[in-house]
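User: I am new to reading protein models. Please take one part of this one and walk me through it closely.

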Amino acid sequence: MKCIIRFFTIIACCAVACAVSSCHNDEPGDPVSDTSRTVLVYIVATNNLGSSGFDSADILEMEQAIKAGDLAGGRWLVYRAAADGSAPTLTEYTVDGNSILKTYEPGALSVTAARMNEVFDDMKSMAPSDTYGLVLWSHASGWQQDGLADNFDKVRPLSYGSDFGKKMNVTTLASVLEGRGFDYVYFDCCYMSTVEVAYELRHAVKYVVASPSELPTPGTRYDLNMRHLVDGSESALIKAAANTFEHYNSLPSAIDRTCTMGVIRTHRLDELAAATAAIYDLTPLPHPGENVTNYRSRYSRQGKSIDFGEYVSALAAAGKLDAALVNRFNKAIDAVVPYKAATEMIWDEYPVYSTSGLATYVFNNPDDYDVNGYPSLQWAADVVGSHHVR
């Protein structure tokens, strides 16, 4: 969900999380469904978000939304690993109250493929549905990973979740989600709207909803967005992302008025990859221009995450590339991102010149390629390695 707690942003019950839903094709032995959509909110709160009570605040918003009738036609499940280290639970929230469906082994990490697979199996057996949506709630750091899957002993993994300091690689997340029938994943997390993350998940979900920048800690307004997450259509996901953005953009204090959001159609990413590779083939390092939005504003220039659309446009302009290549790229990215929004500033300190709804890792020299497991990503293999870094 959020990256670094900023207590000055704890205003109202703020916003950033939408869950993405999914189509499910019945197979022999699948439970019979009488529900249009089951939404699973996967909360890893064994960190400072949980100890500060943000998970409890979000659950209260969920309960308020259900009382308001926003769950009609759907089921709402929450897997919660709490900050106190107690046994995680899978709970269903209904108009008639809450019921714990399962209590899990305490002490086992929630950011392993084994635990996530177990929870997904339980969701399908205990709350079968025609379609499924997933919200991932925790800290996150985008594509960065160690390339060692679930090996926590040698190197600290990065990407989704913060479970007593451990995180799940996005490559592991993709392998767990693929074939699970989720239409979408809504990241109530920081930094997950990168072209690298979206491309990794393109065979696992139809939509990714996320922020390319750091998000204020309160996260999504579930009382505003539950109905849209249960709906799960493209228009509903866009509305959920817009609700999140508009909430933060309307705050009176400039330092709290910070938010970036994007909705990504993953089935259009192969076209974007081909259009990007064609430009990367003709644009050597280092990248040009300073006036490119930096989404990791507190990080050094080397290794930062910048706006993907701005970056490619700057490369094309510096290389004086044929307009046909640029038009092909612009058409492809517009097809991938049906919704994008950003406040004028990030934390009232760093400007957003424009936003494409996607960020990307930027290289200043070829040595920057081999960091934090970047070569293990499909985007690196298909688009970057043989085209842009040489």
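Analyst: Start where helix 4 has just ended. Gly-179 follows this helix, and its phi is positive, near 80°. Keep in mind that the model is predicted.

Now step back into the helix itself. Helix 4 covers residues 170-177 and is mostly covered: 6 of its 8 residues are buried. Which residues of helix 4 are buried? They are Val-170, Thr-172, Leu-173, Ala-174, Val-176 and Leu-177.

What do these buried residues pack against? Two of the partners are helices: helix 3 (113-126) and helix 5 (195-200). The others are strands: strand 6 (131-137), strand 8 (166-168) and strand 9 (182-188).

Next, look at two cysteines. Cys-190 is buried, with a relative accessible area of 0%. Cys-259 is buried too, at 1%. Each value is under 20%, so both cysteines count as buried. What about disulfides? A disulfide is a covalent bond between the sulfur atoms of two cysteines. With a cut-off of 2.5 Å between the sulfur atoms, the count comes to 0 disulfides.

Finish with Val-383. This residue lies in helix 11 (residues 378-384). Val-383 has a relative accessible area of 1%, so it is buried. What is Val-383 in contact with, leaving aside its neighbours within four places in sequence? The list is Ala-273, Thr-276, Ala-277, Tyr-280 and Gln-378. Glu-196 makes a useful distance check. Val-383 and Glu-196 are 187 residues apart in sequence. In space, they are 10.0 Å apart, C-alpha to C-alpha.

Terms used. Residues numbered from 1 in each chain as written. Predicted model: local features only at pLDDT ≥ 70, side-chain atom pairs only at ≥ 80, totals over all residues. Heavy atoms only, no water. Helix = DSSP H or I, 4+ residues; strand = E, 2+ residues; numbered from the N terminus. Buried < 20%, exposed > 50% of the residue type's maximum accessible area, 1.4 Å probe, protein only. Contact = heavy atoms within 4.5 Å.
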